[in-house]
Amino acid sequence: MYQVIARKYRPQSFSELINQVHVKTTLENAIAQNRIAHGYIFSGQRGTGKTTVARILARCLNCVDGPAMQPCGVCSSCLEIAGNGSPDVIEIDAASNRGINEMRELRENVRYRPVRDRYKVFIVDEAHQITSEAFNALLKTLEEPPEWVIFVLCTTEAHKIPATIASRCQHFSFRSVDFEEIVGRMEWICKQEGIEAEPEALSVLALAGEGSVRDSLSALDQAIACCGNTLKTAEIRALLGSFSLDVLERITQALVDSAPARMLEVVDELVRNGHHLQHFVRELARYFRNLLVAKIAGAGSRLVAATAQERERLSVIAEQFSEQDLTRYLQITLDIFRDLQFSLQPRLHLELGLIRLIEAGRLVSIEEALAGAAGSAPASPKTGSGSAPAPPKTRSAGPYAAPPAHAAPPAPQASPAPAPESAPPQPAPAGGDLRDRLASKLVEQNLKFTADAISQSEVVEGESDIRITAPDEFGMVLKEREIEAALKALGERPRKVRITFARMQVQAAPKPRATGAAEEEAMRRALEHPEVQRFREAFPDSTVRIARNLRDQQ
């Protein structure tokens, strides 16, 4: 009778086990030092080897040459445990034996010595489904069992195991198996079976398992049954319903070109070919996640479960977008996936969601919109760090679009206010007041509202912090992280920024306004300020009538 690959190549010793190094090392040392516990809890996601390790542990303890770290594999005990026929290794499915009567029967069985072997091992699978009453019936037996009894509780939901049970057992948490290790295991199995497989085909099968070795091997068994002794990537993708990078790249290319019509064509093709739309959105969400990780961590990051060629390809695609764009696309895709779960018209929701992706790519920050309103060209939002600026796109008019800057503003008219010849603006001196330098740096970072708020606030330097007292109307403008970033850009040593807001009272006897030379100096400095010049260019009919030094008004 045919035996599936997942059972045929099930590890029979700790040396054959992939991953879970922390588990097998601890158990091997415990056997070598004869420090074997009477109760274990193996928890972790499905298909990571919990029941397999429990069987290996039983073989190591009951082997004729044991207890040994490596069972012989040829004695009657080893063969019977491997074939699930040993009278002293009892496997219990807690999903169907979860009541108090079954636990009482188990408790009675514990009293009797093993029939032949050294230990009587009880392997309880899906232990979290045992009822609270049944756990209570097992509690005393699990705490003080006979010397010949060992309990192994396997579960995928360790948080459902009562604390009174967990405190009486040693807990081992099984980790999901790395992508490369699953691919390597399948390559070895294919060589043993005489199967020729493309590397990308094995990559698709490993991704289908999502960290579970058993799920990946089940998909491999299905692929061999479908494709024979030669596994090709296109056939495997069609079998599993997965999508290649070429299909997903059509989405990102439509985003780059801002072409909503192509999005609708993709949806139409998916519907005509009978693809599951929610499954496509799940693959699209994973694709945007991989692009975001490739953008942040680089092409060589192991955080992206893909081959080296696919990682390089993802890195090239990610360079066309910013981190903010990819984060926004991923969030919208997750929202689409959630909506499709309850949608009566999935095609309509998917079309609307993909068009939302296009509109999200046209968004600009408020700083860029204000800069465009003042007459300066906003930076392209598609320009990634370290890449050449992308050509400007034609943005549709809307509440988020910056107004076109192709028309030159009319020449500024001369101000009637008397002012001497303006000299080119000079940079702020490096050793000037911290408030002025901080405001200038915020202006350079396109945070004009924050800079204006700082210029009207009190800034006091301390040894470990910088205290800023601002008028309460700037409560929605001043952000500590923006101030700290500007201070770091100025080269200031790291200090905590503390912002307090208060109603700034004007003194009862304000200082008289400067006259004569002081007033002319204030007017000259105001007219030379880059922001004032940009404002006058944007509003050519404006007139500067008076310039005041706010410090003199305090």
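**Exercise 1.** In this predicted model, decide whether Asp325 is buried or exposed, and find a side-chain partner for it.

*Solution.* Step 1: locate the residue. Asp325 lies in helix H16, which spans residues 323-340. Step 2: apply the cut-off. Buried means under 20% relative accessible area. Asp325 has a relative accessible area of 2%, so Asp325 is buried. Step 3: look for a partner. The side chain of Asp325 makes a polar contact of 3.0 Å with the side chain of Arg328.

**Exercise 2.** Describe the largest nonpolar core and state which helix gives the most residues to it.

*Solution.* Step 1: take the size and centre. This core contains 38 residues, and Phe280, Phe288 and Leu350 have the most contacts inside it. Step 2: assign the elements. Two or more residues come from each of H12 (245-257), H13 (260-272), H14 (277-297), H15 (308-318), H16 and H17 (346-361). Step 3: rank them. H14 gives the most, with eleven residues. Step 4: list the contacts of Phe280. Beyond its neighbours within four places in sequence, Phe280 touches Phe243, Val247, Leu248, Ile251, Val266, Leu270 and Leu350. Step 5: check for another core. A second, separate core has 25 residues, among them Val23, Ala58, Ile123 and Phe172.

**Exercise 3.** List the buried residues of helix H19 and name elements that cover them.

*Solution.* Step 1: in H19 (residues 434-444), the buried residues are Leu434, Arg435, Arg437, Leu438, Ala439, Lys441 and Leu442. Step 2: their cover includes helix H20 (448-455), strands E8 (458-461) and E9 (465-471), and helix H21 (480-489). Step 3: inspect the backbone just after H19, where Asn446 has a positive phi of about 65°.

Definitions and conventions: Residues are numbered from 1 along each chain as its sequence is written. This is a predicted model: local features need pLDDT of at least 70, side-chain atom pairs count only at pLDDT 80 or more; totals for chains, interfaces and linings use all residues. Side-chain values use heavy atoms; hydrogens and water are left out. Buried means under 20% relative accessible area, exposed over 50%, partly exposed in between (1.4 Å probe, protein chains only). Helices (H or I, at least four residues) and strands (E, at least two) are DSSP runs, numbered from the N terminus. Contact means heavy atoms within 4.5 Å. A polar contact is a pair of N or O atoms within 3.5 Å; within protein, one must be able to donate a hydrogen and the other to accept it, and residues adjacent in sequence count only if both atoms are side-chain atoms. A nonpolar core is a set of buried Ala, Val, Leu, Ile, Met, Phe, Trp, Tyr and Cys residues joined through side-chain atoms within 4.5 Å.
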